[in-house]
Amino acid sequence: MDHGPETDGLHELLTAAGAGDRRAFDTLYSRLSSRLHAVALRMLRDADLAEDAVHDAFVQIWRNAGRYDRSRGEVTAWAVGILRYRALDLLRRRGRETVADPVIVADLADQAAAADPDSPAAVTTPELPGRLGRLDSCLAELSDGARGSIRLAYVDGLSHGEIAGRTGQPLGTVKSWIRRGLAALKECLER
């Protein structure tokens with residue numbers, strides 16, 4: 001797999017953190033925390049819960065840094081996966097599942113199951129494969145712009161402005177793709 005300089009830098013920081021290097025972990029935290037916070041805020045829609053999820057995720061990242069396997073994904077995706085587990089745990093513990101958007105929850109479960117087939121989400125949700133298949137079908141119905149923007153927002157945790165910068169599209173176009181794409185996903189999943 002071809003890795004860019006940012007990806008390689010994050011991998012080096014995580015590897016060093018896995019060996020107990022606290023400075024590397026601090027640097028890793030400063031490079032990833034805002035992205036993880038954006039993902040947590042979108043999932044939880046509560047600033048305090050989002051901070052708790054990010055804190056819990058970084059505790060888990062510190063504890064598991066030595067077990068990171070680069071062949072299973074990039075550092076950012078791995079960290080976002082950990083954050084999602086923590087956020088879902090917080091939602092379950094606080095009984096707030098109904099607050100989360102069902103499209104986002106389905107996506108999160110998809111990511112969790114893909115990241116770890118032995119995860120509780122994969123084991124305890126028997127209808128998950130069907131739901132994931134439906135989500136994939138619904139995502140396939142979206143335009144490339146909408147599908148890509150939604151993934152950048154909800155999987156990679158990028159802000160609308162970051163997505164506009166990455167895709168070279170005007171901010172209003174990106175917002176429109178995401179808004180209409182989420183509405184289309186919701187409608188598709190309710191059919």
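Good morning. I begin with Asp136, a residue of helix H7, which spans residues 128–141. Please keep in mind throughout that the structure on the screen is a predicted model. Asp136 has a relative accessibility of 42%, and therefore it counts as partly exposed. Its C-alpha atom is separated by 9.9 Å from that of Leu185, although the two residues are 49 apart along the chain.

Helix H7 also carries one end of a covalent link. How many disulfides does a search of the whole structure find? The search finds one. The bond joins Cys138 to Cys188, with an S to S distance of 2.0 Å. About the S-S bond the angle is -80 degrees, and the link of Cys138 and Cys188 is left-handed. Cys138 belongs to helix H7, while Cys188 belongs to helix H10, residues 171–190, so the pair ties together parts that are 50 residues apart in sequence.

Are these two cysteines buried or exposed? Cys138 has a relative accessibility of 3% and is buried. Cys188, at 8%, is buried as well. The cut-off in use for a buried residue is under 20% relative accessible area, so both cysteines meet it.

I turn now to a helix pair elsewhere in the chain. Helix H2, residues 22–44, packs against helix H3, residues 47–64, at an angle of about 140 degrees, and their axes are 9 Å apart. The crossing of H2 past H3 is right-handed. Which residues make this contact? From H2, the contributors include Phe25, Leu28, Tyr29, Leu32, Leu36 and Leu44. From H3, they include Leu49, Val54, Phe58, Ile61 and Trp62. Charged side chains take part too, namely Arg22 of H2 and Glu51 of H3. Sorted by class, the contact of H2 with H3 comprises 16 nonpolar, two polar and two charged residues. Among the contributors on the H2 side that are neither nonpolar nor charged are Ser33 and His37.

Leu32 of H2 brings me to my final residue, Thr76. Thr76 sits in helix H4, which covers residues 75–94. Where does Thr76 find its contacts, once neighbours within four places in sequence are left aside? Thr76 is in contact with Leu10, Leu32 and Arg35. Leu32 thus appears in two places in this account: in the contact of H2 with H3, and among the contacts of Thr76. The relative accessible area of Thr76 is 11%, and therefore Thr76 is buried.

That concludes my remarks, and I thank you for your attention.

Notes
Residues numbered from 1 in each chain as written. Predicted model: local features only at pLDDT ≥ 70, side-chain atom pairs only at ≥ 80, totals over all residues. Heavy atoms only, no water. Axes fitted to C-alpha atoms, helices over the stretch in contact; angles between N-to-C directions. Helix = DSSP H or I, 4+ residues; strand = E, 2+ residues; numbered from the N terminus. Left-handed = near helix turned anticlockwise from the far one by under 90°. Contact = heavy atoms within 4.5 Å. Buried < 20%, exposed > 50% of the residue type's maximum accessible area, 1.4 Å probe, protein only. Disulfide = S-S within 2.5 Å.
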